[in-house]
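Open the structure in your viewer and keep the selection box handy. We will go from stop to stop, and at each one you will find what to select and what is there.

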Amino acid sequence: MDPYFAPNSVPDIYLLRCEEMGALEEGRFDPEVSDNTVGEGAGGPAMGTMENAVRVLLMGLGEDSEREGLRKTPIRVAKAFREGTRGYRQKVEDIVQGAFFPEAGLDNGIGQAGGAGGLVVVRDINLFSYCESCLLPFSIKCHVGYVPSAQRVVGLSKLSRVADVYARRLQEPQRLADEICQALQNSIRPAGVSVALQCWHIQFPEVLKCNLNLSRHPSRSSMQGWVHTSVCSSTGVFEQKKSSFSDDFHTLLQFSGANFDLSNAGYSIHSWCPSRSLDVTESNGHMVRNNLLNGRIFSMSVVSYTSMVAAVASIILSLGEDPSRKELVGTPYRYVHWLMNFSRSNIDINQNGFLLNAINSHKSSNGYIHRENEINSELNLPFCAQCEHHLLPFHGVVHIGYFHDEEKKDIDRSSLQAIVHFYGCKLQVQERLTRQIAEAVYSVLGRGVMVVVEANHICMVSRGIEKVGSSTATIAVMGQFSTDITAKALFLEAISKVTAAVGP
């Protein structure tokens, strides 16, 4: 039996009973779960199944779903998944119907004359979609071009709405581009359609941790270090070799700063989602989970790895998808692998002497330290954490300022980065993360600490207000920084100078 399995902790309805280790790959599921359907309303069986599945996942992370901060997480996550996959419940015909307008122009045929046949391009449509390989949202900038025919044009807003229908499903970039393109071709019957997508996918924490020191001045950009790909799909006149429509389309995209490298048109999905490079399958899932849990102490029973994987499969099923579809077979394992990077630990960072060792094992400056009037500044320490309210990542940089004490050696950057990583790799909120980092550093240095965290929250993009490009900044001050206004101003100025030097 799995050593983490608590026999009475997970009701049978949550579990997809696997008779053997390969059961999920073979698509055998508990009928009690597979009966749930989408479209029953906000309180229907599908929502209930997803909420229960999220509780299982929280238990698997060693968390108490009834604690303050997590009590409403199951319903928040279920709502986010349901809203983020609403495209399964929408029809393109309902969107474009009644949105055609007569524009005869000067020529009744296909040509370059006004609304009769001139190229129409809608650029920079901000979308998001859930990656079918790992269930994490990925960011999309969509560009749609079409050549009208039959002396009519379609309302411009309908192009973005049709694109959103297919983005709000479990997707991968090329199929998304193909589905948008074909849907527009079939619904508005133009002379041709071209769809170009720029997509960004967050890295997994293992990759981020390995790349922490690759850049001497990490950018604060919301998608720095993310996996990026560009894909295109075309129909009709855009596919004709002697036609200039395709060239015109991409030239108009360049006007808005979008450059497409069409040499990767045959890219593989395996090079897109970062989780595809990880060996995450049921055969090694228990080993991966045990490694991630190594050294962590839990205050409550933890459900089995198999139960967590089954819970994710039930979420996929509740969304209206088929978990046995070949592209989705490994998805539950990869999503659990992502979550386990943020499992709860009761170990205090001070208990193992880490901070004391950090302060006593001073290393030479690596170029990040800025010292002015006894203030040391370590800037742009990258991090990735998991929002405990929505189980979605937020990421960015941490700036730490502290007063230099001649009687103590400086704490080196790698130790500060380790502190940031320690508090980031768990279910978090940005305000608490900022405070915990400040308290940890202050417990060693004791004189004065100021921490500024700048982060981009994926939950701000993929749910609710859907604000692309927004960021959140939080500050925590302790000791001398609490009363020294000049010191705070100097530290903030140091952040501003580095930002101006290396760019946003």
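Start with helix α15, where Q430, L433, T434, Q436, I437, A438, A440, V441, V444 and L445 are buried. Keep in mind as you click that this is a predicted model.

**Stop 1: helix α15 and its end**

Select residues 430-445 to have α15 on its own. The helix has 16 residues and reaches 23 Å from its first C-alpha to its last, close to the 22 Å expected at 1.5 Å a residue. Look down its axis and compare the positions of the buried residues: an α-helix has 3.6 residues a turn, so residues three or four places apart point the same way.

Now pick S443, which also sits in α15. Is S443 buried, exposed or partly exposed? Its relative accessibility is 45%, so S443 counts as partly exposed. Show its side chain and draw a distance to A440: a polar atom of the S443 side chain lies 2.6 Å from the backbone oxygen of A440. Step just past the helix to G446, which takes a positive phi of about 70 degrees.

**Stop 2: a lysine in a loop**

Go back along the chain to K426, in the loop between α14 (413-424) and β11 (427-428). What is the nearest side chain of opposite charge to K426? That is E63, 8.2 Å away, and K426 has no salt bridge although it is buried. To see what surrounds this lysine, select F342, S343 and Q386: K426 is in contact with these residues, leaving aside its neighbours within four places in sequence.

**Stop 3: strand β12 and its partners**

Next, select residues 448-457, which form strand β12. Of its 10 residues, 10 are buried, so β12 is largely enclosed by the rest of the structure. Try two colours here. Give one to G448, M450, V452, E454 and N456, which point one way from β12, and the other to V449, V451, V453, A455 and H457, which point the other way. Both groups are buried.

Add residues 392-403 to bring in strand β10, which pairs with β12 in the antiparallel sense over 9 bridges. A good place to zoom in is F394, whose bridge partner in β12 is H457. Then add residues 472-479 for strand β13: β12 and β13 pair in the antiparallel sense over 8 bridges. Here, find V453, which stands opposite T474 in β13.

**Stop 4: a five-stranded open sheet**

Which order do the strands of the open sheet follow? The 5 strands run β5-β2-β3-β6-β7, and their pairing is mixed. Select β5 (170-171) and β7 (227-234) to mark the edges; each has a single partner strand, so one side of each is left without a neighbour in the sheet. For a look at one of the pairings, show β6 (residues 192-201) beside β7: the two strands pair in the antiparallel sense over 8 bridges. Within this pair, Q198 has S230 of β7 as its bridge partner.

**Stop 5: helix α7**

Select residues 173-188 for helix α7. This helix has 16 residues and reaches 23 Å from its first C-alpha to its last, close to the 22 Å expected at 1.5 Å a residue. Its buried residues include P173, L176, I180 and L184. At the N-terminal end, show E172, which caps α7 with a side-chain oxygen 3.2 Å from the backbone nitrogen of Q174. After the helix comes R189, whose phi is positive, near 50 degrees.

**Stop 6: two unusual phi values in strands**

Select D124 in strand β2 (residues 120-131). Although D124 is not a glycine, it has a positive phi of about 55 degrees. Its relative accessibility is 32%, so D124 counts as partly exposed. Then move to N380 in strand β9 (residues 375-387). N380 also has a positive phi, near 60 degrees, in a residue other than glycine. With 3% relative accessibility, N380 counts as buried.

**Last stop: the whole chain**

Zoom out to show everything. The chain holds 17 helices and 13 strands, and of its 504 residues, 54% count as buried. Among contacts with a separation of 6 or more, 76% are between residues 24 or more positions apart.

Technical notes: Residues are numbered from 1 along each chain as its sequence is written. This is a predicted model: local features need pLDDT of at least 70, side-chain atom pairs count only at pLDDT 80 or more; totals for chains, interfaces and linings use all residues. Side-chain values use heavy atoms; hydrogens and water are left out. Helices (H or I, at least four residues) and strands (E, at least two) are DSSP runs, numbered from the N terminus. Buried means under 20% relative accessible area, exposed over 50%, partly exposed in between (1.4 Å probe, protein chains only). A polar contact is a pair of N or O atoms within 3.5 Å; within protein, one must be able to donate a hydrogen and the other to accept it, and residues adjacent in sequence count only if both atoms are side-chain atoms. Lys and Arg count as positive and Asp and Glu as negative; His and the chain ends are not counted. A salt bridge is a side-chain nitrogen of Lys or Arg within 4 Å of a carboxyl oxygen of Asp or Glu. Contact means heavy atoms within 4.5 Å. The expected span of a helix is 1.5 Å times one less than its number of residues. Two strands pair if DSSP finds at least two bridges between them.
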